[in-house]
Amino acid sequence: MNKYISSMIAGFVATIVLSLLMLMKQAMGLMPELNPIMMLSNMAHMKMGLPESMVVGWMAHFMIGTFVWGLTFSLLFKVLPGSCAISKGVAFSVLAWFLMMILPMPMSGAGLFGVNLGMMAPVMALGMHLVWGVVLGYVYGRLVSKG
């Protein structure tokens, strides 16, 4: 299978898993202030004039996870540290987490590394990104190995 199609599928599947983690986190009442979907919705409304809607936030979340991160993973795959697709996915997830902490977090008003949300915000976000990276790498590795 084409590596770009594989990477988008892997990004989509990993984003589904991340989304389920986010929904479980919210349902358990853990860090309700760390709500990337609401942050994306608010940013789309404030910066682009789109309706302030959770649908917009979810669409942005899946587009970023599938297209931006999925395709970027395939482009960086050979230079990422690690000996297998899963370890490369984990390394990539740290990069994605770091960029989230320094770009959208401050833009959404959460501050650099989300410090306005509390010290657990970057830790919880990192944990969820690491799971995302494992799934991203695993699915990508399986798809490209099938050729």
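## Helices and their surroundings in a predicted model

Just after helix H1 comes Gly29, with a positive phi near 75°. Helices here are DSSP runs of H or I with at least four residues, numbered from the N terminus. This is a predicted model, in which local features need pLDDT of at least 70 and side-chain atom pairs count only at pLDDT 80 or more, while totals for chains, interfaces and linings use all residues. Residues are numbered from 1 along each chain as its sequence is written, and side-chain values use heavy atoms, leaving out hydrogens and water.

Let's go back to the other end of H1. There, a side-chain oxygen of Asn2 comes to within 2.6 Å of the backbone nitrogen of Tyr4.

The table sets out H1 and H4, with the expected span taken as 1.5 Å times one less than the number of residues.

| Helix | Residues | Length | C-alpha span, end to end | Expected span |
|---|---|---|---|---|
| H1 | 3-27 | 25 residues | 36 Å | 36 Å |
| H4 | 85-102 | 18 residues | 26 Å | 26 Å |

Next, burial. A residue is buried under 20% relative accessible area, exposed over 50% and partly exposed in between (1.4 Å probe, protein chains only). The buried residues of H1 include Thr15, Leu18, Ser19, Met22 and Lys25. In H4, the buried set includes Phe92, Ser93, Trp97 and Met100.

Helix H3 offers two residues to look at. His61 lies in H3 and counts as buried because its relative accessibility is 8%. Contact means heavy atoms within 4.5 Å; leaving out residues up to four places away in sequence, His61 touches Thr15, Leu18, Ser19, Met22, Ile37 and Leu40. Of these partners, Thr15, Leu18, Ser19 and Met22 are among the buried residues of H1.

Met59 is also part of H3, which covers residues 54-76. Its relative accessibility is 49%, so Met59 is partly exposed. Together with Val55, Met63, Ile64, Phe67 and Val68, Met59 makes a nonpolar surface patch of about 550 Å². Patch residues have over 30% relative accessible area and no salt bridge, and nonpolar side chains (Val, Leu, Ile, Met, Phe, Trp, Tyr) are joined within 5 Å. A salt bridge puts a side-chain nitrogen of Lys or Arg within 4 Å of a carboxyl oxygen of Asp or Glu.

Finally, Leu130 sits in helix H6 (residues 120-145). Leu130 is partly exposed because its relative accessible area is 31%. Beyond neighbours within four places in sequence, Leu130 contacts Val90, Ser93 and Val94. Ser93, one of the buried residues of H4, is 37 residues from Leu130 in sequence, yet their C-alpha atoms are 5.7 Å apart.

Methods. Patches are made of residues with over 30% relative accessible area and no salt bridge: like charges are joined within 9 Å, nonpolar side chains (Val, Leu, Ile, Met, Phe, Trp, Tyr) within 5 Å. Accessible areas come from the Shrake-Rupley method with a 1.4 Å probe; for residues, only the protein chains shown count as cover. Helices (H or I, at least four residues) and strands (E, at least two) are DSSP runs, numbered from the N terminus. A polar contact is a pair of N or O atoms within 3.5 Å; within protein, one must be able to donate a hydrogen and the other to accept it, and residues adjacent in sequence count only if both atoms are side-chain atoms.
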